[in-house]
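Reader: Please take me through one part of this model closely, namely the way its helices pack, and explain each term as it comes up.

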Number of protein chains: 4
Amino acid sequence: MKKIIDGRDTTLGRAFDIFIQILIIFSIITFSIETLPDLKPHTREILHSIEVICVIIFTAEYLARIYIADKKLKFIFSFFGLIDFFAILPFYLTFGLDLRSLRIFRLLRLFRLLKLVRYNRAMQHFGRAMIVAKEQIILFMSITLILIYFAATGIYYFEHEAQPEKFASIFDSLWWSIVTLTTVGYGDVYPVTMGGRLFTFFILLIGLGIVAIPTGIISSSMTKVFNEKHQELKESGEYDELFEEEE
Amino acid sequence: MKKIIDGRDTTLGRAFDIFIQILIIFSIITFSIETLPDLKPHTREILHSIEVICVIIFTAEYLARIYIADKKLKFIFSFFGLIDFFAILPFYLTFGLDLRSLRIFRLLRLFRLLKLVRYNRAMQHFGRAMIVAKEQIILFMSITLILIYFAATGIYYFEHEAQPEKFASIFDSLWWSIVTLTTVGYGDVYPVTMGGRLFTFFILLIGLGIVAIPTGIISSSMTKVFNEKHQELKESGEYDELFEEEE
Amino acid sequence: MKKIIDGRDTTLGRAFDIFIQILIIFSIITFSIETLPDLKPHTREILHSIEVICVIIFTAEYLARIYIADKKLKFIFSFFGLIDFFAILPFYLTFGLDLRSLRIFRLLRLFRLLKLVRYNRAMQHFGRAMIVAKEQIILFMSITLILIYFAATGIYYFEHEAQPEKFASIFDSLWWSIVTLTTVGYGDVYPVTMGGRLFTFFILLIGLGIVAIPTGIISSSMTKVFNEKHQELKESGEYDELFEEEE
Amino acid sequence: MKKIIDGRDTTLGRAFDIFIQILIIFSIITFSIETLPDLKPHTREILHSIEVICVIIFTAEYLARIYIADKKLKFIFSFFGLIDFFAILPFYLTFGLDLRSLRIFRLLRLFRLLKLVRYNRAMQHFGRAMIVAKEQIILFMSITLILIYFAATGIYYFEHEAQPEKFASIFDSLWWSIVTLTTVGYGDVYPVTMGGRLFTFFILLIGLGIVAIPTGIISSSMTKVFNEKHQELKESGEYDELFEEEE
């Protein structure tokens, strides 16, 4: 049984992995459909039944993983153990009671998305990359935050009088800062005075280079970690096994 | 005849290549003009005549290519053989019948665009680059998709009550996710609550770095493949021939 | 006392640094809250009291730093000395008088943000990176400015007749140039004529590559300076001390 | 006299260069102010007088450059010779006649902007970089154009029925393609159907990587050319002379 659940060597083990992944995606789609407005009561019932079946299988999987673990407590408090637990918790908490309306409990169901991390190499790398570049990300994020705050204060003084509704306070201006410096530019708030536009210009010329730094660090850190792991796997031979169709 | 159609060595061979390329572009422009509203019946007739002439020439080219191929079946089922076939198919399917109104048949005419691949080195590299980086693109695309879904679920919980029309369900929120994380920012949907805006901020700070990865992989993979091919061509001397004006 | 204020070696020294940083952030938040509309007079009074306390502490810190400095005049006219001075100046200038309404004096309070530079390594690198890449930034900024002006003149001639309100003069068109070439695209001004749209297309294809250069220079210069400093600190052993938790 | 106009070695030569540059910028600002609506007749007269003075000096400069040139004809038909000629031509063509209203003649005045190239190293590098990367830029631009056309055709079929006004033909859809794939996203046209949105999503995921390639080529080619020239100048010692304040 351990081989089926934990390993990827046997055909059954792989089939089990794929089955769980399909179930996670299936359960996430169900979760999304539930948010559609104007659903018929009949559809709601079907969706609820699917939800119950998914949770039962996830519970069985969770208990099985505890059963096969050599150090049971260690697994329960491990990263993946906790994710498995929180993925089923909201269902049991709202069971019987009518707490389903509490939005926070429904949001907790998103933990199921994290169950996919176990099977996705890229997401594991993402976590590792964030740890490797932690120090740099914090340093450059802090400068990005200071820049965004500086831009917000500046635009507030230029635009507050011309547009008292849209630039009501520095907090409202912060929204403009974020949307502009990431170049999203929704168009809900934008400067209209000559001074505000000149200020926007200078902030953009300098600021785009600064906001690009954390983005670049995350990007390069992830591809570096990926390539290292890739190399290791290739050397150890494990890689060939996983990507037989590639060679 | 083989030399004219297949080779680029003779003056006639090059002339034939250029003639076919001009015809493809000409036929695409015709196709675009047909979509213009308020066309006079007379103009429509002219456009239809041009279309008929183009298809006749493309058919002749297709048959000639089969004729000169050493392994006829292999050519018919090759990448370029199939493109040549599908580029003329929609015309013959709708011939006589009044199926022209079927939009899908008109869309199939886009296969003619793919005929250009035969002559465009960059597009051939694009295909090759996508195959080389296939594994990485799939891995990082999957993390991008998970991030987009995560952003959509988050914004749904923050904005659904404030804007029930625009963030009607998670599927509507997905549109917001895509438009925001690619920094397109049309401005048709955007958060208005404090929570939604803070969430947007954090998603953008982390997310831009993640969405940039597949983009970067495609970019770097293409330039790498291009430079390698470039080098090969230069060494083999074939390059000098193609770009005589450069040296 | 010198050890407490200037050094980071003693526990008290570190505590003092953290205390000042918290106070700066606290004072900035207060400053932002003051801009909120519809504040109760009572809240205003509290905010003013906090402001007074912050300024008193900053003044004490400033005087203490002068006191411990070996060369007092050199400190007063140094970068950090001037920042410390201008961070408290606006308060004393408006003290007693009712100059608080003068917006420029309130904006001067932003100098407090610069006090954070003393404690933030990334921001120190930013300054250094700008000096290192100064020549390149000026050269490429000049080409960016010429491009933006060229785009503005072009769009003015294409769009002025169609949209005399939005493209009233070249100065109004400059705003469009900036917003478009940085890809922010608020959507307040955009071309509507065929010519203007074609022009936008060509400007974007060439221009995005040019506007990306100063951004890229700032980014790469900062990461280069950071890595060099990082290396130096690691070699000198100072680094271990600062980031003991890392090793 | 040759030393003053052509060289940068003497103090007078440098002063002359700076004087001409200031005059160019001054003349461009005048040109921009003329486009302002609601100018008083008096202001118009002043602007016209400035224009006349600028043109007289530029004419004198042009004639002097011909006079000092060893091979006069070669200078007249050189790049800078032609720019100098076209920078003054529009004035003389409209002199006496009332052709000033002809917009094309006013646009020709932009040639003065190109006179700045003589003094700006970055702009000279831009020209050189475009020539060096010419082949690559053409190849990847062609793939970008095909992608933009493909996106336009696709969105036309998805959105034409839902928004017959905005996606009236493939030509209108091309505008959407350009604005979306460069991530400008004005928000004047955007898909509203489920199919159109899904199509936008896939086009963005693949397309951003492709549109980024020409941008990247221009960027990297320019910085490469700049660094090479920089190195050469440094070695030849010419650099020290130009940037004495740096060393």
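Author: A crossing is called left-handed if the near helix is turned anticlockwise from the far one by less than a right angle, and right-handed if it is turned clockwise. The model is predicted, so local features need pLDDT of at least 70 and side-chain atom pairs count only at pLDDT 80 or more, while totals for chains, interfaces and linings use all residues. Residues are numbered from 1 along each chain as its sequence is written, chains are lettered from A and ligands numbered from 1 in the order in which they are written, and side-chain values use heavy atoms, with hydrogens and water left out.

Within chain B, the crossing of helix 9 and helix 10 is right-handed. Helix 9 covers residues 134-159 of chain B and helix 10 covers residues 170-181 of chain B, and the two pack with their axes 8 Å apart at an angle of about 120 degrees (axes are lines fitted to C-alpha atoms, for helices over the stretch in contact, and angles run from 0 to 180 degrees between N-to-C directions; helices are DSSP runs of H or I of at least four residues, and strands of E of at least two, numbered from the N terminus). Helix 9 of chain B is therefore oblique to helix 10 of chain B (under 35 degrees is roughly parallel, over 145 roughly antiparallel, 65 to 115 roughly perpendicular, and the rest oblique). Helix 9 of chain B contributes B:Leu147, B:Ile148, B:Tyr149, B:Ala151, B:Ala152, B:Thr153, B:Ile155 and B:Tyr156 to the contact (heavy atoms within 4.5 Å), and the residues from helix 10 of chain B include B:Ile170, B:Trp176 and B:Leu181. By class, this contact of helix 9 with helix 10 in chain B has 12 nonpolar, 3 polar and no charged residues (Ala, Val, Leu, Ile, Met, Phe, Trp, Tyr, Cys and Pro count as nonpolar, Asp, Glu, Lys and Arg as charged, and the others, Gly among them, as polar).

Helix 9 also packs between chains. In chain A, the axis of helix 9 (residues 134-159) comes within 12 Å of that of helix 2 (residues 11-33) of chain C, and the two cross at roughly 30 degrees, which means that helix 9 of chain A is roughly parallel to helix 2 of chain C. Their crossing is left-handed, and the contact brings together A:Tyr149, A:Thr153 and A:Tyr157 with C:Ile28, C:Phe31 and C:Ser32; by class it has 4 nonpolar, 2 polar and no charged residues.

Helix 9 (residues 134-159) of chain C and helix 2 (residues 11-33) of chain D pack with axes 12 Å apart at an angle of about 30 degrees, and they are therefore roughly parallel to each other. This crossing, too, is left-handed, with C:Tyr149, C:Thr153 and C:Tyr157 meeting D:Ile28, D:Phe31 and D:Ser32.

The record helps to place these helices. UniProt, in an unreviewed entry, puts the feature "transmembrane region" at several stretches of chain A, among them residues 12-33 and 137-158 (such annotations may be inferred rather than shown by experiment). Residues 12-33 of chain A are 100% helix and 0% strand, with end C-alpha atoms 31 Å apart, and residues 137-158 of chain A are likewise 100% helix and 0% strand, with end C-alpha atoms 31 Å apart.
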